[in-house]
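Subject: Handing over the two-chain model

Hi,

Here is the structure I promised to pass on to you. Have a look at it first, and my notes follow underneath.

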Amino acid sequence: MPDLRELYQQVILDHHKKPRNCRRPEHANKHADGFNPLCGDKITVFIQIEDGIVRDIAFQGSGCAISTASASMMTESLKGKSETEVARIFESFHNLVTGKTPAEADTTGLGKLAVFSGVREYPVRVKCATLAWHTMRAALQGSEETVATE
Amino acid sequence: MKIKGEILPREERPELDVQSIRADFPALRQLVYGKPLVYLDNAATSQKPQRVIDALVGFYTNDCSNVHRGVHLLSERATRAYEDTRAKVKCFINASDEKEIVFVRGTTEGINLVAQSYARPRLQPGDEILISAMEHHSNIVPWQIICGEKDARLRIIPMNDRGELKLDEYGALLGPRTRLVSVAHVSNALGTVNPVRRIIELAHERSIPVLLDGAQAVPHMRVDVAQLDCDFYAFSGHKMYGPTGVGILYGKQRLLEAMPPYQGGGDMISSVTFEKTTYNRLPYKFEAGTPNIAAGIALGAAIDFLQDIGMDRIAAYEHGVLRYATEAFAGIPGVRLIGTAKEKAGVLSFVVDGVHPHDVGTILDQEGIAIRTGHHCAQPVMDFFNLPATARASLALYNTCEEIDALVAGIRKVTEVFS
């Protein structure tokens, strides 16, 4: 039986209550909208990218604890990263929450994001954890369409 | 004065031998994460009693054959059992003739049938269809489709903050261009029991027909289409302890007779040449193709099950559990009910301060408690209350006050995790 404390770790609850970078940055030059029709989560991710480096990243929206914390921690982990690094972190995070990475694998490369490893035990919640990330990727790719996780 | 959330003394509890009813439902015997299943997602679909499961298995084991076709014994048995259900439905909702009972896949198909076969040929540009602010998407989208096609207007009966329709404004919306009124008998997202008798009277004063979406009403109360005088009534088998894939559209014979077929195919014809097809008589005119025979037969078993207990007893019992739950909810800090109409049935939609319904659902699931979270296919209702979603516990006749206590304890756990 999955342990609820694995899913709702303190750091996740903290980011849910006090989301970081929850704002609309003045100099953003990329943005995209995401929507999870299953639970009604809505998010907009804003990115200021210069010379292939994420100078600023922020989000606005409403969602559950998992999706809000994921968005908040994503912004913290991607600021200052190059597009190549962003793609690599996206891949590692996605593998982590979808269970493609073995549970015992080394997640040090993900830093704090490793707290989301508990999500893999809750298949219906994976989309909550990945909504911000898919939306971020759509923003970087300049997609006009709303990202839907269904 | 009773303390909120405490178990009611026995003499105050609603009367029904719930334990023996529960014993009839195999699914209710299971453990979920090592805890007894508390199934409170009945507005989505109800569990099935043994006799419904037996009817499904019995058909495929002994009687499997097509209906209305074969000369052989199996087909005769299948046809008889399938048509028996039609007769049972007729009595169950007090229709005047079996011709008025059309088998469909579910409420959604019933509404689409009326939209396509009744409304579509009649609608002129500028005509109006009237629905309410608390409709399920299945009673919004079919009307949007034909209104878009015919340049007609979809108009909305507003509701108040308790989730009750504003009848005065409804009266004012009924006009010379109104061609049909289509409203929920009971709201799936709020539990409101709408004053459908009055809604129908007002529409009939202007000779406007009324369709009721009865998906959430039929499992919880006696429905009498003659007494309601509704023109159409649609409901689903799977929310009333029957199988998925079968539902009923009731329509007044006079209206059904005048409507063109919904789909073409086998069973809905009396003769076909390449030049001309003569349609079958009612209700077969609307039943093209091989139906879900097993589900149709098993729906008859579900009706027997309900009638053996009695709809009035079911309504009284569930009302008692709903009242108990409503009082218990009032005693949990930070919890707010969405939908507080005076007349309600079966549904407790709620939000927990600072906690998204999806998180509520996950934590309750770990306690073995199954509820629904989300917009309940009623996004306009969520927008009205300015919420992205709610958590919804919905009742069936097998739910108990002890299960409500488990739900309340589960919600307290939610607030602990997020404190």
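A residue is called buried here when its relative accessible area is under 20%, and exposed when that value is over 50%. By that rule B:A391 is buried, because its relative accessible area is 1%. B:A391 belongs to strand β17 of chain B, which covers residues 390–394. Leaving out residues up to four places away in sequence, B:A391 touches B:L348, B:S349, B:F350, B:P357, B:V360, B:I371, B:R372 and B:T373. For one of these, B:I371, the C-alpha atom is 7.1 Å from that of B:A391, with the two positions 20 residues apart along the chain.

Before the rest, a word on confidence. This is a predicted model, with an ipTM of 0.87 and a pTM of 0.92. Chain B has a mean pLDDT of 95, and 97% of its residues reach 70 or more. The stretch to treat with care is residues 1–6 of chain B, where the pLDDT is below 50; beyond near neighbours in sequence, this stretch has 10 contacts in the model. Where pLDDT is low, the predicted coordinates should not be read in detail.

Now the interface. On the chain B side 19 residues are in contact with 23 residues of chain A. About 1,500 Å² is buried between the two chains, and carbon and sulfur atoms give 60% of this area. Within chain B, the residues that lose the most area to chain A are B:H358, B:Q366 and B:F418, which together make up 33% of what that side buries.

What holds charge against charge across this interface? The rule finds one salt bridge there, formed by B:D359 and A:R125, whose closest N and O atoms are 2.7 Å apart. There are also nine residue pairs in polar contact across the interface, both partners being at pLDDT 80 or more. Three elements of chain B give two or more residues to the side that touches chain A: α12 (357–366), β16 (372–374) and α14 (401–417). Of these, α12(B) gives the most, with five residues. Sorted by class, that side of chain B has six nonpolar, 10 polar and three charged residues.

Salt bridges come up elsewhere too, with a count of 31 over all chains. As a general point, side chains of opposite charge can pair when their charged atoms come close. A good place to start is B:D127, which is buried, with a relative accessible area of 1%. The side chain of B:D127 forms a salt bridge with B:R177, at 2.9 Å from N to O. B:R177 sits in the loop between α6 (167–173) and β7 (178–184) of chain B, and B:D127 in the loop between α4 (107–122) and β5 (128–132), so this pair ties together parts that are 50 residues apart in sequence. B:R177 itself is partly exposed, at a relative accessible area of 34%.

B:D127 also meets B:R179 in a salt bridge, at 3.1 Å from N to O. That pair again links distant parts of the chain, 52 residues apart, with B:R179 in strand β7 of chain B. B:R179 is partly exposed, with a relative accessible area of 30%.

Another pair is B:E128 and B:R155, with the closest N and O atoms 3.5 Å apart. Here B:E128 is in strand β5 and B:R155 in strand β6 (residues 153–157) of chain B, 27 residues apart. B:E128 counts as buried at 9% relative accessibility, whereas B:R155 is partly exposed at 25%. In chain A, a network of salt bridges links A:D14, A:K18, A:R20 and A:E76.

One last residue to look at is B:D231. Is B:D231 buried or exposed? With a relative accessible area of 3%, B:D231 is buried. B:D231 is found in the loop between α8 (225–228) and β9 (232–236) of chain B. The side chain of B:D231 makes a polar contact of 2.7 Å with that of B:H204, and a polar atom of the B:D231 side chain lies 2.8 Å from the backbone nitrogen of B:V210. Setting aside neighbours within four places in sequence, the residues in contact with B:D231 also include B:Y250, B:K252 and B:R254.

Happy browsing, and all the best

Terms used: Residues are numbered from 1 along each chain as its sequence is written. Chains are lettered from A and ligands numbered from 1 in the order in which they are written. Side-chain values use heavy atoms; hydrogens and water are left out. Contact means heavy atoms within 4.5 Å. Buried area is the accessible area (1.4 Å probe) that two parts lose on being put together, summed over both. A salt bridge is a side-chain nitrogen of Lys or Arg within 4 Å of a carboxyl oxygen of Asp or Glu. A polar contact is a pair of N or O atoms within 3.5 Å; within protein, one must be able to donate a hydrogen and the other to accept it, and residues adjacent in sequence count only if both atoms are side-chain atoms. Helices (H or I, at least four residues) and strands (E, at least two) are DSSP runs, numbered from the N terminus. Ala, Val, Leu, Ile, Met, Phe, Trp, Tyr, Cys and Pro count as nonpolar, Asp, Glu, Lys and Arg as charged, and the others, Gly among them, as polar. Buried means under 20% relative accessible area, exposed over 50%, partly exposed in between (1.4 Å probe, protein chains only). pLDDT is the predictor's confidence in each residue, from 0 to 100.
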